[in-house]
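Student: Could you take me through one part of this model closely, starting from a single residue and working outwards to its surroundings? I would like the cut-offs stated as you go.

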Amino acid sequence: MYKVTGTDPTGRAVTFACGTDLQALDKVRELMGRGFRDILVADPKGQQTSGAAFERSVGLEYD
């Protein structure tokens, strides 16, 4: 399971669980569009990546 964490515009930290890398990619793009900051993605192994880096690495497979 992937975990997407970000800080919403009011300063509250929020975490979302995503089953696949594609779902996590969609969530990262959604959060970026909604003005979230400090977006991090944790993969099933626990490795954390910034939202932008995750989008670049996974986005190439699906675009």
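**Alanine 42 and its surroundings**

Tutor: Alanine 42 has its place in strand S3, where strands (E, at least two residues) and helices (H or I, at least four) are DSSP runs numbered from the N terminus. The model is a predicted one, in which local features need pLDDT of at least 70 and side-chain atom pairs count only at pLDDT 80 or more, while totals for chains, interfaces and linings use all residues. Residues are numbered from 1 along each chain as its sequence is written, and side-chain values use heavy atoms, with hydrogens and water left out.

With a relative accessibility of 15%, alanine 42 counts as buried, a class that means under 20% relative accessible area, with exposed over 50% and partly exposed in between (1.4 Å probe, protein chains only). Its contacts (heavy atoms within 4.5 Å), not counting residues up to four places away in sequence, are Met1, Tyr2, Lys3, Gln47 and Gln48. Computed along the chain, alanine 42 and valine 4 are 38 residues apart, yet their C-alpha atoms are 6.5 Å apart in space.

One of those contacts, tyrosine 2, leads further inwards: beyond its neighbours within four places in sequence, tyrosine 2 also touches residues including Phe16, Ala24, Val41 and Phe54. Tyr2, Val4, Ala24, Val28, Ile39, Val41 and Phe54 are the residues that touch the most other members of the largest nonpolar core, which has 13 residues; such a core is a set of buried Ala, Val, Leu, Ile, Met, Phe, Trp, Tyr and Cys residues joined through side-chain atoms within 4.5 Å. Two or more residues each come from strand S1 (2–7), strand S2 (13–18), helix H1 (21–33), strand S3 (37–42) and helix H2 (51–62), and H1 gives the most, with four.

Helix H1 also takes part in salt bridges, each a side-chain nitrogen of Lys or Arg within 4 Å of a carboxyl oxygen of Asp or Glu. Arginine 29 pairs in this way with glutamate 55, with closest N and O atoms 3.0 Å apart; since arginine 29 lies in helix H1 and glutamate 55 in helix H2, the pair ties together parts 26 residues apart in sequence. Within H1, glutamate 30 and lysine 27 meet at 3.1 Å, N to O, and, being three residues apart in that helix, they are separated by about one helical turn. Lysine 27 is buried at 17%, whereas glutamate 30 is partly exposed at 34%, and both belong with Arg34 to a salt-bridge network.
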